Amino acid sequence: MTTSVRVPRPASAPRTELHVDPRFLPLADRFFAMYRQPQHGGGALTAYFRGEKVLDIWAGWADRDRRWDRDTVALSFSTGKGVASTVVHRLAERRLIDYDAPVARYWPEFGAAGKDGITVRELLTHRAGLHKVRGLMRSPLDLLDYDAVVRALAATPADPRRLRGPGYHAVTYGWLVAELIARVTGKPFVQVVQDEIAGPLGVDDFWYQVPGQHRPRIAKLFPHINPAGLNWELTSNVLSLVGPTRGLAEAAMPQGFDVLVRNPAVHDAVMPGWNGVFSARALARMYGAIANGGRLDGHRFLRKSTIAQMSQVQTHDRDYVLGIRPQWSLGYHRPILASREQPGNAIGHYGVGGSGAYADLDSGLSLGFVTNRLGSSLTALGDLRLARLGVEAQAIVRNGK
């Protein structure tokens with residue numbers, strides 16, 4: 001049984017119907033408590049459980065003079081890596097991509113500078129040695145030029161540290177996966193996302209280039225992403241000179257990035273490592289299909305055998321960029337919950353600042369969360385809001401409420 005809560009609004013306003021399964025009211029309460037004041041910003045949370053939508057709620061402010069509504073979407077940073085990875089698995093399921101084939105089989109130019117043996121599996125698990133975005137292009141605006149960036153990545157030698165373990169490709173991952181997909185299909189990456197994700201799931205809100213008519217729906221991000229409020233250029237320069245943080249600066253802190261993320265031109269570009277714009281509803285629906293054995297609303301999205309492959313942990317080694325052991329599977333990480341007890345069989349991807357989504361393959365639960373109030377910019381895999389929401393959701397499922 002589910003409950004729909006209607007909030008009266010003028011006839012011209014967007015739809016305002018929230019969807020709350022009574023079992024998940026404690027999760028809704030925890031979410032609403034996060035957005036009580038305009039300075040808290042806004043967000044949306046959607047959950048699926050065993051193929052059924054059990055929560056679809058939103059609250060707060062999309063901008064200082066605009067409330068978050070049903071149709072608000074948000075720039076979600078690395079959350080988009082999970083969506084791009086799912087496209088790869090849809091293609092692999094049809095044998096268009098072989099995980100153990102060299103990337104250069106599909107993208108010949110990638111084999112330059114000794115990279116001819118790097119496999120798709122290594123690419124999906126951040127072991128391609130191409131994590132460096134800092135210094136890749138001459139200016140920050142050059143990062144908006146998709147073709148120039150993929151040419152530069154193809155010509156770049158791999159970092160030798162790849163042979164010892166993964167190095168999180170914080171920004172470059174999206175271009176690498178997108179170009180692989182484009183070469184395999186012969187179609188632009190954004191078109192393939194529509195064909196393989198948005199179309200089959202029946203929801204449009206999976207964008208790396210946002211159509212003009214939908215841009216007013218994008219929530220305004222705040223505050224600046226500068227670490228601890230410090231100057232971006234100074235901080236990134238210092239971190240790039242210090243051994244333990246050099247990899248993070250190389251992978252996630254290109255010059256001028258703090259300004260670039262606020263440039264409207266990012267919604268014209270294809271930068272799938274960080275510029276994906278989504279609704280919580282879309283993310284939860286995709287992961288809801290994955291959590292439900294690959295089926296949703298009676299339609300097959302992925303085979304169980306594919307999900308078993310894509311969720312298998314590929315490396316337990318320490319990541320030389322993040323300094324932790326993320327247990328990368330094929331394009332995803334294990335979701336992080338604010339609890340000693342972590343889900344043992346789950347995949348997803350969080351984004352810097354707070355947005356993220358995941359599927360718990362054991363319980364059948366999926367969560368999608370987007371927000372415009374950026375949390376810690378030093379936590380590459382997100383902040384604690386989704387981690388806390390996940391604890392509440394897991395407790396509900398575990399206790400059978």
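Hi everyone, let's start with a small sheet: three strands form an open sheet in the order S6-S8-S7, with antiparallel pairing. Strand S6 (74-75) and strand S7 (206-207) are at the edges with a single partner strand each, so one side of each has no neighbour in the sheet. When I say strand, I mean a DSSP run of E with at least two residues, while a helix is a run of H or I with at least four residues, and both are numbered from the N terminus. Two strands pair if DSSP finds at least two bridges between them.

Before going on, this is a predicted model, where local features need pLDDT of at least 70 and side-chain atom pairs count only at pLDDT 80 or more, while totals for chains, interfaces and linings use all residues. Residues are numbered from 1 along each chain as its sequence is written, and side-chain values use heavy atoms, leaving out hydrogens and water.

Back to our sheet. S6 is joined to strand S8 (residues 277-278) by two bridges, and the two run antiparallel. Look for Ala-74, which stands opposite Phe-278 in S8.

Now another pair. S11 and strand S12 (residues 356-360) are antiparallel, over five bridges. Ala-346 has Asp-360 in S12 as its bridge partner. Five residues lie between the strands of this hairpin, and Gly-353 takes a positive phi near 100°.

Is strand S11 (residues 346-350) enclosed or open? Five of its five residues are buried, so S11 is largely enclosed by the rest of the structure. Buried means under 20% relative accessible area, exposed means over 50%, and partly exposed is in between, using a 1.4 Å probe and protein chains only. In a regular strand, side chains alternate between the two faces of the sheet. Here Ala-346, Gly-348 and Tyr-350 point one way from S11, and Ile-347 and His-349 the other way.

Let's finish with one residue, Ala-289, in helix H11. Ala-289 is buried, with a relative accessible area of 0%. Which residues does Ala-289 touch, not counting those up to four places away in sequence? They are Leu-201, Gly-294, Arg-295, Leu-296 and Phe-301, where contact means heavy atoms within 4.5 Å. Here's a nice one to find on the screen: Ala-289 and Gly-51 are 238 residues apart in sequence, but 6.5 Å apart in space, C-alpha to C-alpha.

Thanks for listening!
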